[in-house]
Amino acid sequence: QGRCAPPPRPPSSKVGSSRAALRAACLRARTHASPSTHRALPTASTCRTARMMGAQSMLGQVNPQFNEIGKAFADHYYKMFDSSRAQLQSLYQGESMLSFEGEQHQGMTAIMQKLTTLNFQTVLHIPKTVDCHPGINGAIVVFVTGNLAVDGNVTTPLMYSQTFTLVPTADKSNWWILNDIFRLNYS
């Protein structure tokens with residue numbers, strides 16, 4: 001009791017130094033005294049602040065506009081997908097991976113082969129929710145749920161969920177899709 005919960009482990013070799021920095025930040029942030037031990041105990045908000053400081057250092061540079069960028073990306077992606085799927089090629093690279101209904105496709109060529117040979121003539125994505133989180137080294141995680149009107153069927157649309165990991169280009173002027181996970185939702 002009175003201790004900060006440890007943050008998730010970072011995927012680097014600097015785990016010890018990150019934890020030590022977080023522990024030190026939490027200790028500095030203590031504001032309440034415990035009458036039985038005369039030691040300062042952290043409050044929930046000071047522990048939360050310390051964890052955020054630790055997470056920030058583990059994530060690297062976080063883009064403060066991750067929410068706006070993620071939502072604008074989703075809007076752009078679905079407009080492009082619905083009007084001209086072949087143009088999506090510019091959003092994928094050789095390292096990209098698509099999981100489409102459990103099938104994995106690695107690389108721009110394989111992904112575009114899958115997306116351009118789907119078994120329908122027209123599709124309209126109708127996103128209902130778009131949630132965005134900052135990722136490691138400036139990446140952005142985008143989770144979308146919504147409806148799909150396939151071949152004009154808007155009366156009984158299919159429900160879907162899709163998750164993207166967006167990575168900034170080397171010059172930080174644009175974004176590309178590292179991970180794309182798509183699933184239809186059956187209920």
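Strand 8 supplies the largest share of the lining of the second largest pocket, with 3 residues. Keep in mind that this is a predicted model, and let's use that pocket as our way in. The second largest pocket has a volume of about 210 Å³. Its lining takes in 17 residues, and those nearest the centre are Phe-100, Leu-118, Phe-120, Leu-148 and Phe-182. Besides strand 8, the elements that give two or more residues to this lining are helix 3, strand 3, strand 5, strand 6 and strand 7. As for chemistry, the lining splits into 13 nonpolar, 2 polar and 2 charged residues.

Now for the sheet. It is an open one of 6 strands, in the order 4-3-8-7-6-5, and the pairing is mixed. Strand 4 (103-106) and strand 5 (123-134) sit at the edges with a single partner strand each, so one side of each has no neighbour in the sheet. Going from one strand to the next, the twist averages 15 degrees. If you want a reminder of what holds such an arrangement together, strands of a sheet pair through backbone hydrogen bonds, either parallel or antiparallel.

Let's look at the strand 4 edge. Strand 3 (residues 92-100) and strand 4 run antiparallel and are joined by 4 bridges. You can follow the register across: Met-97 stands opposite Gln-106 in strand 4, and Leu-98 stands opposite His-105. The hairpin that these two strands make has 2 residues between the strands, and Glu-101 takes a positive phi near 55 degrees there.

Next, the helices that lie across these strands. Helix 4 (residues 108-116) lies across strand 3 and strand 4, running at about 40 degrees to strand 3. Helix 3 (residues 66-83) lies across strand 3, strand 5, strand 6, strand 7 (158-168) and strand 8 (175-185), and its direction is at about 160 degrees to strand 5.

Finally, pick out one residue in strand 6 (residues 140-150), namely Val-142. Is Val-142 buried or exposed? Val-142 counts as buried because its relative accessibility is 0%. Leaving aside residues up to four places away in sequence, Val-142 touches Gly-70, Val-130, Asp-131, Cys-132, Gln-162, Thr-163, Phe-164 and Leu-166. One of those contacts, Val-130, is 12 residues away along the chain, and its C-alpha atom is separated from that of Val-142 by 6.8 Å.

Note on methods
Residues are numbered from 1 along each chain as its sequence is written. This is a predicted model: local features need pLDDT of at least 70, side-chain atom pairs count only at pLDDT 80 or more; totals for chains, interfaces and linings use all residues. Side-chain values use heavy atoms; hydrogens and water are left out. Buried means under 20% relative accessible area, exposed over 50%, partly exposed in between (1.4 Å probe, protein chains only). Contact means heavy atoms within 4.5 Å. Two strands pair if DSSP finds at least two bridges between them. Axes are lines fitted to C-alpha atoms, for helices over the stretch in contact, and angles run from 0 to 180 degrees between N-to-C directions. On a 1 Å grid over the protein atoms alone, a cavity is a set of points where a 1.4 Å probe fits but cannot get out, and a pocket is an open set with protein on both sides within 12 Å along at least five of seven lines; lining residues have an atom within 4 Å of a point. Grid points are joined across faces, edges and corners, and a volume is the space filled by probe spheres set on the points. Ala, Val, Leu, Ile, Met, Phe, Trp, Tyr, Cys and Pro count as nonpolar, Asp, Glu, Lys and Arg as charged, and the others, Gly among them, as polar.
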